[in-house]
Amino acid sequence: MGLGSRLVSGTRLLGGRALAPALGRAQRGLAARVVAKADAGAKGNGKSKGKKDEGGPYSATVKTPVTDFSMRANAVVREPEIQSYWAQRRVYENLAESNPGEPWTLHDGPPYANGDLHIGHALNKILKDVINRYQLLRGRRARFVPGWDTHGLPIELKVLQALPEAERRGLDTLGLRTKARAYALEQVDRQREQFKRYGVWGDWSTPYVTLDPAYEAAQLAVFGKMVLNGHIYRGRKPVHWSPSSRTALAEAELEYPEGHRSRSIYVALPLSEAAAGLPSEARAAVQGAALAIWTTTPWTVPANLAVAVNGNLEYAVVEFKGDKASGWAHRRLVVARELVEPLKAKFGLEGAEVLATFKGAALEGSTYTHPLYGRTSPVVIGGDYITTESGTGLVHTAPGHGQEDYQVGQRYGLPLLSPVDDAGCFTDEAGPAFAGLAVQSEGNAAVITELGGRGALLLEESYEHKYPYDWRTKKPTIFRATDQWFASVEGFRAAALEAIRAVSWVPSVGENRITSMTEGRSDWCISRQRKWGVPIPVFYDKESGAPLLTAETIDHVTSVVASHGSDAWWRMPIEALLPPSLAHLAPTLKKGEDTMDVWFDSGSSWAGVVQAGEAAGLRFPADLYLEGSDQHRGWFQSSLLTAVAATGRAPYRQVLTHGFVLDERGAKMSKSVGNVVDPRAVIEGGKDQKKDPPFGADVLRLWVSSVDYSNDVMIGPGILKQVAESYRKLRGTLRFLLGSLNDFDPAVNAVDFDRLPAVDRYMLGRHAEVMAEVTEAYETYQFRRVYQALLNHASTDLSAFYLDAAKDRLYIQGTDSASRRACQTVCAVVLQGLLSALAPITPHMAEDAWLNLPWPRPSDSVFQSGWSAPGTAAAGAAGAWREGYLRQLPEQERAAWAGVLAVRDAVNSALEKARAAKLIGPGLEAAISVHASDAAVSEALRALAASDNGADDPRYVFIVSEARVAESPEAASEAAGARAEAVATEAAGTVTVGVSRAAGAKCARCWNYSTAVGSADPGHPEVCERCGPILSSVGFKLPGAGAGAAAAAAKGAPVAAA
């Protein structure tokens, strides 16, 4: 039966089973096109394509590859169809629920539900999917619950910005929250479809979203445990504050853009009284002197309450001289001794006379007068943060506007002065000259002007440095003392550091990063002054302001939120939010208005998802967290802190990080620059598909596997083109293997390992080595090694060697010959190994190939067929037959074959030179004689030459018509009689190759040269001794009779490999 007939009768597009209807009309159309193409180009000749009579009269007897697995992926159509196939058969769900192994949990860090996905999202989710699919192939129950972060300011702002001014003014809290919820869920739906198009498997119909009542309740339960453990408190202290957002910010909500410049100033603060500890000569010198301080935030000078010095530094009283100091009220200044000359140069002065020196500790207890307000403040001892690297060595200290300032102020009992409101403007407390001015603009300018008018301004200069910006509004923040709720990191810091040491960090530098961040971080401000979030469930006494926050009140609010969602906090009256035993207090209480930091939201996901999902197949702590390297200060840390504070342990066993995505020149992507790579355009193609062709999801996934994601990675048109070419090589290898197996069924035709020719055992051994390397690479998340190993295996081991040499067996030998079936056995084992190895990275291509297996498929999906590598039992009957073939070669045999392949390279080099010299054309026109100086390799060549299995003879390995193994270099040269050369190799010693034209005539069927052409069968006078019996066995006769037909046959040619 010809190919066209077989396609029509069996809808063979999907491997001989009638599966096309289940995959939709488009796929049935594709099947019809394949059938039409087969009927038109290959009817009756056993090939899936070819021109009419291209191979001459013997072409019908040459078994070229037959498969419906197209070289063209047609990914835009085919990938969605395969995804539908998975969904209809619940492949992921069945594996996650029913795999025989243990649960394995990669917990998803929730992306923010706002806007379309970018290439960084693609890198992250594809990495996760590669890992999960591998775990499923290994038989583990790897259930993946994708999530979204759905509270917070960006969504709130999006909603407000979309409303007309009048509606915005009239919007109450519940109205805002209703709109924010709808917007967030709309974004979740939008992003979900984009993630699914990447081929990512997961519980997409039941993801976790932080606005879900059950999740919110779990978050409140975590908060409650932290309260009971003594880790939550309310206090007034300086925090990062965003005037543009009017809320406190966590460190993870800040960014530090390059190029920020501040108005920095040097200011003189006149000494009013010297400390008793100053030496007598210094006490005399400081009379009429001022303390010189430097600050990059002039607006904080009104809040100055101290000057801090380093007790161990040496300070000097200096008389500065020069015209540029004419406007100073004080020319005698106290500065660090080491900075006298640098400051003289900076101020542009001619002289600087040192009148006295002393240690900073001697200044403690001195007082000075504030130049703007006249109040007296002390000189205090600061810490190691006071250096001589910049400034004056004396630090302006405003406890209400700096973390170190606050700590020093607490030590000395200084008040918290912060005359700045929520909008970032001076309050009346700053005085009438400044009240109402925005501190970072006109307020700054006013302070500088006022200082200059009083002779206290020594110098102003622009200063470039890193400064914190609100990551959402992209505007600068301030440090400001406010009443906030805090998690006392100090209370569980030691436990957190111990938990970090118990986790495996990949790469290992991640442990150092999060350790240093945890060691140095201050208490965590968890309250936010916004409406769209989870409320901090606290009540305040209307008169005293005292908070009511107990286990009983938290438990009751938690149960209310679990039933009604967090909107209940704003919708329900206080008496309903209080437990029954406290409901009588409702008239005296008011509800708190703060919401929780969104990092507390996502940082509680271990409780709301993993711990809550243990009964449904998740494992706590999670086996793996995987996010970008910036999450050491973000989600990794917030998850660690909440879990340790609530449970005493880390929420993860292992943490893996990846870098950021840059363009192919290594530059940051920017819409304004025009170098942004949109993952949707990579998959579906851009507007100009000639310029931006559709590569499909598998090429995008292959790119992810090809890069060293532990660092920043690059992508662009050129890189994608290279990856697409690698994809084609891999697909071409799969296609050839499938086509070569079109008449093979391992259950019927497989040859036992011990009966295989040596070259076949070598290739199985090499394949086993590759699969062992791939397994180890997957286990250690080194997907670039997987990519490189598989591409090299396909290109070098298979295409360039084994499959090239195997074509003679596959095409020419009899259908059921032992040698051909042995080769097909190897092809089948290698094919299924490649499919399992490629499936996590290019799942659509692997599944497409699986659906085109030419024998009855043992499972619906390649992912149900199990992992194929030495020492890893394939799942069930799907892969049981190939277990005995996954054997690595003994070292001696591996070394011998390395030598044989080195000889083959030398032979190819010699043939190429002979071809250039016009001695031969194709390699089959050559007869060669070889000698290797390495004794073991020479012995291996002789053993191959002694075989008669139709596979091991060096003529097949080297793809020539005749090959002799010479006893000496001279014999190799003399036997050639025409051309010889010696090549030094590492694996085979010196290889001597003699090349001459092959004797005899060319076989019209196999193209080999033989002196026995025409002797095997009188009916086929132009074929060799191998082909004649094969033709007789199948009863093939030439169309016609006599010399004319024979002469016509001589012009024929077998069809080239697919």
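1. Helix H28 is mostly covered: 20 of its 21 residues are buried (under 20% relative accessible area; exposed is over 50%, partly exposed in between, with a 1.4 Å probe and protein chains only). The helix runs over residues 818–838, and its end C-alpha atoms lie 30 Å apart. That agrees with the 30 Å expected at 1.5 Å a residue, the rule being 1.5 Å times one less than the number of residues. Helices (H or I, at least four residues) and strands (E, at least two) are DSSP runs, numbered from the N terminus.

2. A word on the basis. This is a predicted model, in which local features need pLDDT of at least 70 and side-chain atom pairs count only at pLDDT 80 or more, while totals for chains, interfaces and linings use all residues. Residues are numbered from 1 along each chain as its sequence is written, and side-chain values use heavy atoms, with hydrogens and water left out.

3. An unreviewed UniProt entry places "domain: Aminoacyl-tRNA synthetase class Ia" at residues 82–714. UniProt positions follow the numbering used here, feature names are shortened, and annotations may be inferred rather than shown by experiment. The span is 33% helix and 21% strand, with its end C-alpha atoms 29 Å apart.

4. Three strands form an open sheet in the order E23-E22-E24, with antiparallel pairing. Strands E23 (547–548) and E24 (589–591) are the edges, each pairing on one side only. E22 (residues 539–541) meets E23 over two antiparallel bridges; strands count as paired if DSSP finds at least two bridges between them. Tyr540 stands opposite Pro547 in E23.

5. Aromatic pairs number 35. Rings of Phe, Tyr and Trp (its six-membered ring) pair if their centres lie within 6.5 Å; planes under 30 degrees apart are stacked, over 60 edge-to-face, and the rest tilted. Phe223 and Phe600 are edge-to-face, at 6.3 Å centre to centre and 70 degrees between the planes. This pair links distant parts of the chain: Phe223 is in helix H9 and Phe600 in helix H19, 377 residues apart. Both Phe223 and Phe600 are buried.

6. Tyr625 and Trp635 are stacked, because their centres are 4.3 Å apart and their planes at 10 degrees. Tyr625 lies in strand E26 and Trp635 in helix H21, so the pair ties together parts 10 residues apart in sequence. Tyr625 and Trp635 are buried.

7. Strand E26 also holds Glu627, which bridges to Lys128 in helix H5, so parts 499 residues apart in sequence are tied together. The closest N and O atoms of this salt bridge are 2.7 Å apart (a side-chain nitrogen of Lys or Arg within 4 Å of a carboxyl oxygen of Asp or Glu). Glu627 and Lys128 are both buried. The structure holds 59 salt bridges.

8. Arg766 and Asp797 meet in a salt bridge at 2.9 Å, N to O. The pair joins helix H26 to helix H27, and both residues are buried. Arg766 and Asp797 also belong to a salt-bridge network with Glu769, Glu891 and Arg894.

9. Helix H27 also carries Asp804, paired with Arg904 in helix H31, 100 residues apart. Their closest N and O atoms are 3.9 Å apart. Is each partner buried or partly exposed? Asp804 is partly exposed, with a relative accessible area of 28%; Arg904 is buried, at 7%.
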